[in-house]
Amino acid sequence: MEIEMKAVINEDQFKTLLNTEDFGFCKTNEIRDFLVKKDTYYSFNGEKISKPKYIQRIREETLVATYNPGKECLVDQIKRREDTGEEVHVQTPMSLFAYAALEFFNFNQTLSGMCPTRTYVTVKEKHTDARGRENNSEYESEVSNRAAIEELYKVMNLKPYFEKDKRSISFYIDIEGKQLHAEIVSANASDIYLEIEACTDSDANEYANLIMRFFKEALGITKFDGRSWANIIGEAK
């Protein structure tokens, strides 16, 4: 079972997540992976669904960069020389926050990957309660041939109804001997969210309480957004 919660974060909370490894009551791992995830959602006959219970999704995921929390990074940029007007590639030093805010989450900016794109197919059954907590049954597998899955969907009359360009800064949280997966995300240039999830076959409430504890003690967040991304972005009716 997958337990997931998400909430909008402000600039200070964003900086804290990028620059902090040790929160006292928990620690994060020593890297922040910058990922682009291009998702296509399918439904029967392409019907638009704002609160889907069942999800069929194909994801193409590309690793753009990996940086250490709180460290300065070098960003490849194209600049024009003042003397000749020639465009040249330069490496510009930036804080991790500046790179994330000005480059990575700028959806007008084309990002190139440092690793080959990987493709995943996902089937998910969603259950979201009034507090914004998701308890989902999820099955996901990497595939080598997207076209084969698309042909299967055609036979089943499953058609695209929603596309999501999700930019994600991914890291892990170790808390009370348990591991949570966290992502700082924006989808289709939405507000910036923090999503935290855990996969467990045991007590879902235990992991949900750990997720809520991190939100509250690390960031002061106690309210969550249980809407689907399609609903947040306004692409579904």
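A salt bridge, for today, is a side-chain nitrogen of Lys or Arg within 4 Å of a carboxyl oxygen of Asp or Glu. Hello everyone, and please keep that in mind while we look around. One thing to say early: this is a predicted model. By the rule I just gave, the count comes to 22 salt bridges.

Let's visit a few of them. The idea behind them is simple: side chains of opposite charge can pair when their charged atoms come close.

Start with Glu 2 and Lys 124. They form a salt bridge, and their closest N and O atoms are 3.4 Å apart. What does this pair tie together? Glu 2 sits in strand 1, residues 2-8, and Lys 124 in strand 7, so the bridge connects parts that are 122 residues apart in sequence. Are the two partners buried or exposed? Glu 2 counts as buried, at 3% relative accessibility, and Lys 124 counts as buried too, at 9%.

Next come Asp 165 and Lys 38. Here the closest N and O atoms of the salt bridge are 3.3 Å apart. Asp 165 belongs to strand 9, residues 158-175, and Lys 38 to strand 3, residues 32-44, so this pair ties together parts that are 127 residues apart in sequence. Asp 165 is buried, with 18% relative accessibility, whereas Lys 38 is partly exposed, with 42%.

For a pair within one helix, turn to Glu 150 and Arg 146. Their side chains meet in a salt bridge of 2.9 Å, N to O. Both lie in helix 3, 4 residues apart, which is about one turn of the helix. Glu 150 is partly exposed, at 27% relative accessible area, while Arg 146 is buried, at 19%.

And salt bridges can also link up into a network. Which residues take part in one here? Lys 37, Glu 61, Lys 166, Glu 183 and Glu 195.

While we are at helix 3, let's stay for its nonpolar side. Leu 152 lies in this helix, which covers residues 146-155. Together with Val 155 and Met 156, Leu 152 forms a nonpolar patch on the surface, with about 310 Å² of accessible area in total. Leu 152 itself is partly exposed, with a relative accessible area of 44%.

Now let's go inside. How many residues make up the largest nonpolar core? It has 46, and those with the most contacts inside it are Phe 34, Tyr 99, Ile 184, Leu 194 and Phe 214. Helix 4, residues 204-219, gives the most to this core, with 9 residues.

Take Leu 194 as an example. Not counting residues up to four places away in sequence, Leu 194 touches a list of residues that includes Met 5, Ala 7, Ile 9, Leu 17, Ile 184, Phe 214 and Leu 219. There is also a second, separate core of 10 residues, and among them are Ile 55, Phe 162, Tyr 193 and Ile 232.

Ile 55 turns up again when we look at Lys 126. Lys 126 is in the loop between strand 7 (118-125) and strand 8 (134-143). It counts as buried, at 13% relative accessibility. Leaving aside neighbours within four places in sequence, Lys 126 contacts Pro 52, Lys 53, Ile 55, Glu 134, Asn 135, Asn 136 and Ser 228.

Compare that with Asp 76. Asp 76 is placed in strand 5, residues 73-80, and is exposed, with a relative accessible area of 59%. Which residues does Asp 76 contact, leaving aside its neighbours within four places in sequence? Val 90 and Gln 91. How far is Asp 76 from Glu 134? They are 58 residues apart in sequence and 38 Å apart in space, C-alpha to C-alpha.

Last stop: the cysteines. A disulfide is a covalent bond between the sulfur atoms of two cysteines. How many disulfides does the structure hold? The count is 0. Why is Cys 26 not in one? Its sulfur is 18 Å from the closest cysteine sulfur, in Cys 199, which is too far for a bond. Going the other way, Cys 199 is in no disulfide, and its nearest cysteine sulfur is that of Cys 26. As for their surroundings, Cys 26 counts as buried, at 4% relative accessibility, whereas Cys 199 counts as exposed, at 60%.

That's the tour. Thank you for listening!

Terms used
Residues numbered from 1 in each chain as written. Predicted model: local features only at pLDDT ≥ 70, side-chain atom pairs only at ≥ 80, totals over all residues. Heavy atoms only, no water. Patch = residues over 30% accessible without salt bridge, like charges linked within 9 Å, V, L, I, M, F, W, Y side chains within 5 Å. Areas by Shrake-Rupley, 256 points an atom, 1.4 Å probe, with all protein chains shown as cover. Helix = DSSP H or I, 4+ residues; strand = E, 2+ residues; numbered from the N terminus. Buried < 20%, exposed > 50% of the residue type's maximum accessible area, 1.4 Å probe, protein only. Disulfide = S-S within 2.5 Å. Contact = heavy atoms within 4.5 Å. Core = buried A, V, L, I, M, F, W, Y, C linked by side-chain atoms within 4.5 Å.
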